[in-house]
Amino acid sequence: MAPRTVEVAADRLAGWLTGFADRHGGPTATGRPDRIVGDDGAVARLEYFDHDPLGVILVRRGGYAVGRVRAGRLVLHKVGTRYVQSRTSAGGWSQQRYARRRDNQADELVGAVADHAARILVDLAAPIDETGELPAGGALPPGPGLIVGGDRELVASVLSDRRLAALRELPRRGLYDLPDPNRAVLETAIKRGTSVRVYLLDTPVA
């Protein structure tokens, strides 16, 4: 039985852990557990993505969104629309002409998104604390991360731009089920991207 995935906002995690213990038995987990097991054998594996700052790159054939997030707040972004023609069932010369047009439109879209990402996220991979000082307690911050979503192939094409080489090395969370990006979708991506991802197996494997 494949696990189902649940996204839990970080500020609601404590309540979710309490609910898991109520439903499946066992003590309530605290802090940031990686794995919890209920008395009935249910298993939950938790995956965190609390990187800071965050870059966001969303791209589909209907548009794109690029954002920079610091301390949970969207500090810089660019959202736009671009049309990339769908595939056609026409054959012969017409099909080749449409394919060339579609490829050109996709290249223009990828180039535009890469330009915005290079501008907005240019120093995202630099150390988080520009002053060089450690935060209170001396603990190192989790460091920068990248949220990507939309069309997997278009995202890969954007990140292949040489100017974005440093972004390719960052921890990454993918959201490839998002619709055409706009400001609301960008906000949704930030919320989902920073949630705790829980892989839940309610029934123990025999």
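This report walks through the sheet, the salt bridges and a few individual residues of a predicted model.

## The five-stranded sheet

Let's start with the strands. Five of them form an open sheet in the order 6-5-4-7-8, and the pairing is mixed. Strand 6 and strand 8 (172-175) are the edges, each pairing on one side only. On average, neighbouring strands of this sheet are turned by 15° against each other, direction ignored.

As general background, strands of a sheet pair through backbone hydrogen bonds, either parallel or antiparallel. Here, strand 4 and strand 5 run antiparallel and are joined by seven bridges. If you would like a place to look in that pairing, V59 stands opposite Y64 in strand 5.

## Helices across the strands

Two helices are worth bringing into view next to the strands. Helix 3 (residues 152-159) lies across strand 4, strand 7 and strand 8, and its direction is about 125° to strand 4. Helix 5 lies across strand 4, strand 5, strand 6, strand 7 and strand 8, running at about 135° to strand 6.

## Salt bridges between distant parts of the chain

Side chains of opposite charge can pair when their charged atoms come close. Searching the whole structure gives 10 salt bridges. One of them joins the side chains of R32 and D50, with an N to O distance of 2.7 Å. This pair links distant parts of the chain: R32 sits in the loop between helix 1 (13-24) and strand 2 (35-37), while D50 sits in the loop between strand 3 (43-47) and strand 4 (54-60), 18 residues apart. D50 counts as partly exposed because its relative accessibility is 38%.

Another salt bridge brings D123 and R68 together, their closest N and O atoms being 3.1 Å apart. D123 belongs to the loop between helix 2 (92-120) and strand 7 (145-150), and R68 to strand 5 (residues 63-70), so the pair ties together parts that are 55 residues apart in sequence. Are these two partners buried or exposed? R68 is buried, since its relative accessible area is 17%, below the 20% cut-off. D123, at 42% relative accessibility, counts as partly exposed.

## A salt bridge within helix 5, and a network

Helix 5 also has a salt bridge of its own. E187 pairs with R183, and their closest N and O atoms are 3.0 Å apart. Both residues lie in helix 5 (residues 183-193), four residues apart, which is about one turn of the helix. Each partner counts as partly exposed, E187 at 34% relative accessibility and R183 at 40%. Elsewhere in the list of charged pairs, E7, D177, R192 and R197 are joined into one network by salt bridges that share partners.

## H77 and its surroundings

R183 turns up again when we look at H77, a residue of strand 6. The side chains of H77 and R183 make a polar contact at 3.3 Å. Setting aside neighbours within four places in sequence, H77 is in contact with V66, G67, I120, R183 and L186. H77 is partly exposed, with a relative accessible area of 33%. The C-alpha atoms of H77 and A117 are 9.3 Å apart in space, with their positions 40 residues apart in sequence.

## S195 after helix 5

S195 is found in the loop between helix 5 and strand 9 (196-201). How buried or exposed is S195? At 5% relative accessibility, S195 counts as buried, because buried means under 20% relative accessible area. Its side chain reaches the backbone oxygen of K191 at 2.8 Å. Apart from neighbours within four places in sequence, S195 is in contact with E7, V8, A9, E47, F49 and R173. E7 is also one of the residues in the salt-bridge network.

## Two backbone features to check

Most residues other than glycine have a negative phi, and most peptide bonds are trans. Two spots in this model are worth a look with that in mind. The peptide bond joining D52 and P53 is cis, with omega about 0°. P53 lies in the loop between strand 3 and strand 4.

The other spot is A71, a residue other than glycine whose phi is positive, near 55°. A71 lies in the loop between strand 5 and strand 6 (73-80). With a relative accessibility of 65%, A71 counts as exposed.

Technical notes: Residues are numbered from 1 along each chain as its sequence is written. This is a predicted model: local features need pLDDT of at least 70, side-chain atom pairs count only at pLDDT 80 or more; totals for chains, interfaces and linings use all residues. Side-chain values use heavy atoms; hydrogens and water are left out. A salt bridge is a side-chain nitrogen of Lys or Arg within 4 Å of a carboxyl oxygen of Asp or Glu. Buried means under 20% relative accessible area, exposed over 50%, partly exposed in between (1.4 Å probe, protein chains only). A polar contact is a pair of N or O atoms within 3.5 Å; within protein, one must be able to donate a hydrogen and the other to accept it, and residues adjacent in sequence count only if both atoms are side-chain atoms. Contact means heavy atoms within 4.5 Å. Two strands pair if DSSP finds at least two bridges between them. Axes are lines fitted to C-alpha atoms, for helices over the stretch in contact, and angles run from 0 to 180 degrees between N-to-C directions.
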